[in-house]
Amino acid sequence: MGHKGQMLPVWFFVGILLTAYGTVILLTGLIEWPHPPAVVLSQYHPAFWGGLILLGLGGFYAIRFRPRRN
Amino acid sequence: MTAIPLIAAGLSPDGSTRLISLHFPDILIIVLYFVAVLGIGFYLKRYANTSNDFFLAGREMSAWVAGLSFLSANLGALELMGWAAATYQYGILAAHFYWIAAFPAMVILALVMMPFYYISQTHSVPGYLRLRYGEATRALSGISFAFMTVLMSGINMYAMALVMEVVLGWNLHFSIWVSSITVAVYVALGGLFSAIFNEVLQFFLIWLGALVIPVLGMIEVGGWKGLVARVDERVHSTAYVHLWSTLGTFSGNPMGVHWTGIVFGLGGVIACGYWTTDFLVVQRAMAARDLRSAQLAPIIASYFKMIVPVIIILPGLLAIAVLPYKLVPATMVQTGQHSYNEVLPLMLARYCGPGLLGLGVTALIAGFMSGMAGNVSAFATVWTYDIYQPYIRKNESDAHYLRMGRWCTLLGVFISIATAYFVTEFRSIMDYMQALVSFFIAPLFGTVLLGMLWKRTTSKGGFWGLLTGTVSSILMYALVKVNPDWLRYIALSPNAKPMAEDLYRALWSCLLCVLVTVVVSLFTEPKPPEQLVGLVRGLTNIPREKNLPLVRRPIFWAAGVAILFGVIQWIFW
């Protein structure tokens, strides 16, 4: 098939992107905590909790499926 | 061409009707998505070195990857926006398009049809038809599939551009060109590898981005009981929250359909036709590493399909309950009003602040682009293997067909761009898809199924059955357009709505296809049995799995989703 090395699993890419998103959204949630945006149910700080979940999920996938030396 | 001016008429020239403005975190999230998908495409180019790599991902995908991409290839613009819109219009009946229209067909594909697709080692559904019936049937199916798939790709693009225009105030044409060129680049680079990787990525984004709405929405309305009470208060009918109990009569439900249309038209013909013969989704299962993985892929997808209504149907119901204004059909939008198609963006704007909004918008973009990528990669495969190779340039090298695959990926995208500018006057996006499905897919299901299960089906029978079914569907559609009174005959009731008409038209065209196939087959000569080995029941050695533990057998997991389906129908009866 002529592959150039072992293909990285798709789960690794999922992990990287979700980690990046989780970081951005978590930071946004922290910054806006004192003054939540003018949306319904903003008092529950969904950006903070959502960012935390994304960061956790992304971190798990990125670490679990990271490239390893054979 | 007619829909764009109508929609634009609802917007003020300075774009002040945009729903929300993006902030820096939202834009960063969107930009990161485009960087990621392009980066994945460039990374995977090194692995797409043969036509088998490019068109079938080397047939080395695991069951989970094949299954998630099988599901995501279908989670496009039509799913995200169209079904939320349809739910707002028809209530929970729209969920039938996720439950009865998914589980039985996916299981039939897995257990009945995938062995023949996989064992025959065909590269596409038209490829199977060539082996089973001959060139004429392959050409008819291949050309009609290619035509349909670029139309569907254009619809995906249009729907995404519409969302971007309404939500963000982005110019319609800018959105079409930026998204389509991005898809063109990553699919042309990595082929099906790239399309599948990005579909798995999009699966996560769609779920995580869209989940905000049902979670916060259910908190706002106070759970399911609160939702039901508010919907009843708004529409003065409990029909919007019952799945089956209102289908005893045509006039007793918002969709104007009888349960026979749902069960036989939708669950029986349209669903089976789509999930078992639409090469866009079947291609993902064919890319699996072995037969067992190919069979498990649609079964895995069916489990997720059972819960997709949480992020698509539930937001539509929540919109009925919480939005302070009524939505209207797209063709009736006036200044200050919103159409059914804007349900999902409106709900995102309601609950999502900076960051989460960017994730939600990216989920929509991802859904639309995966739909387009799926159509384009399927088009490239069918064009190269089923039209270009057999009829235009035979016996070329593998490298030549690989180059053709990359070029026609780009061609497919540009044709899709052209079709995006020809959107019709249908009341909702899903009506458009259903009409297309009924033209081509419903009769094709009859042709493929008969070919796989009945040795006596002949080449002439298959061809004439498929042609008759397709033409009859187009004629029925045209008949109702010219004289709406014909609706009462085709859809069995003068109270039938357009979506119901599509279901019955698909049913009749499939039945007609089967009838003609059987009759013509009985009067023509079948292929000798040695030419049908691996293609039809009774002449195919399907590996048995008696030595496998029960939990590793596809039939075990198929039984599980059947039980889940039954429980869901009972809960929402």
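**Exercise 1. Find where A:His45 sits in chain A and describe its backbone and its burial.**

Step one is to locate the residue: A:His45 belongs to the loop between α1 and α2 of chain A, where helices are DSSP runs of H or I with at least four residues, numbered from the N terminus. The model is a predicted one, in which local features need pLDDT of at least 70, side-chain atom pairs count only at pLDDT 80 or more, and totals for chains, interfaces and linings use all residues. Residues are numbered from 1 along each chain as its sequence is written, chains are lettered from A and ligands numbered from 1 in the order in which they are written, and side-chain values use heavy atoms, with hydrogens and water left out.

Step two concerns the backbone: A:His45 has a positive phi of about 50° although it is not a glycine. Most residues other than glycine have a negative phi.

Step three is burial: A:His45 has a relative accessible area of 14% and is therefore buried, a word that stands for under 20%, while exposed means over 50% and partly exposed lies in between (1.4 Å probe, protein chains only).

**Exercise 2. Carry out the corresponding steps for A:Leu41.**

A:Leu41 is placed in the loop between α1 (10-31) and α2 (46-64) of chain A. Its phi is positive, about 65°, although A:Leu41 is not a glycine. With a relative accessible area of 13%, A:Leu41 is buried.

**Exercise 3. Describe the interface between chain A and chain B: how many residues are in contact, and how much area is buried?**

Begin with the contacts, meaning heavy atoms within 4.5 Å: 31 residues of chain A are in contact with 38 residues of chain B. Next comes the buried area, which is the accessible area (1.4 Å probe) that two parts lose on being put together, summed over both; between chain A and chain B this is about 3,000 Å², with carbon and sulfur atoms giving 81% of it. Finally, look for salt bridges, each a side-chain nitrogen of Lys or Arg within 4 Å of a carboxyl oxygen of Asp or Glu; across this interface the rule finds 0.

**Exercise 4. State how many salt bridges the structure holds, and follow individual pairs through chain B.**

Over all chains, the structure holds 5 salt bridges. Side chains of opposite charge can pair when their charged atoms come close.

One of the pairs is B:Arg284 with B:Glu199, whose closest N and O atoms are 2.7 Å apart. Because B:Arg284 lies in helix α13 (residues 279-286) and B:Glu199 in helix α9 (residues 172-210) of chain B, the pair ties together parts that are 85 residues apart in sequence. B:Arg284 counts as buried, at 0% relative accessibility, and B:Glu199 likewise counts as buried at 0%.

Another salt bridge joins B:Arg350 and B:Glu220, with the closest N and O atoms 2.6 Å apart. Here B:Arg350 is in helix α16 (residues 343-351) and B:Glu220 in helix α10 of chain B, so this pair ties together parts 130 residues apart in sequence. Both B:Arg350 and B:Glu220 are buried.

Turn next to B:Glu396 and B:Arg393, whose side chains meet in a salt bridge of 2.9 Å from N to O. B:Glu396 is partly exposed, with a relative accessible area of 29%, and B:Arg393 is partly exposed at 37%. Elsewhere, salt bridges that share partners join B:Glu135, B:Arg138 and B:Asp386 into one network.

**Exercise 5. Which side chain of opposite charge is nearest to the buried residue B:Arg59, and how far away is it?**

First place the residue, which lies in the loop between α3 (51-56) and α4 (63-72) of chain B. The nearest side chain of opposite charge is B:Asp53, 9.9 Å away, and B:Arg59 has no salt bridge although it is buried; in this count Lys and Arg are positive and Asp and Glu negative, while His and the chain ends are not counted. Leaving aside neighbours within four places in sequence, the contacts of B:Arg59 include B:Asn52, B:Tyr118, B:His123 and B:Arg289.

**Exercise 6. Describe the surroundings of B:Ser416.**

B:Ser416 is placed in helix α18 (residues 398-420) of chain B, and it counts as buried at 0% relative accessibility. Apart from neighbours within four places in sequence, B:Ser416 is in contact with B:Val150, B:Ser153, B:Gly154 and B:Met157.

Technical notes:
Helix = DSSP H or I, 4+ residues; strand = E, 2+ residues; numbered from the N terminus.
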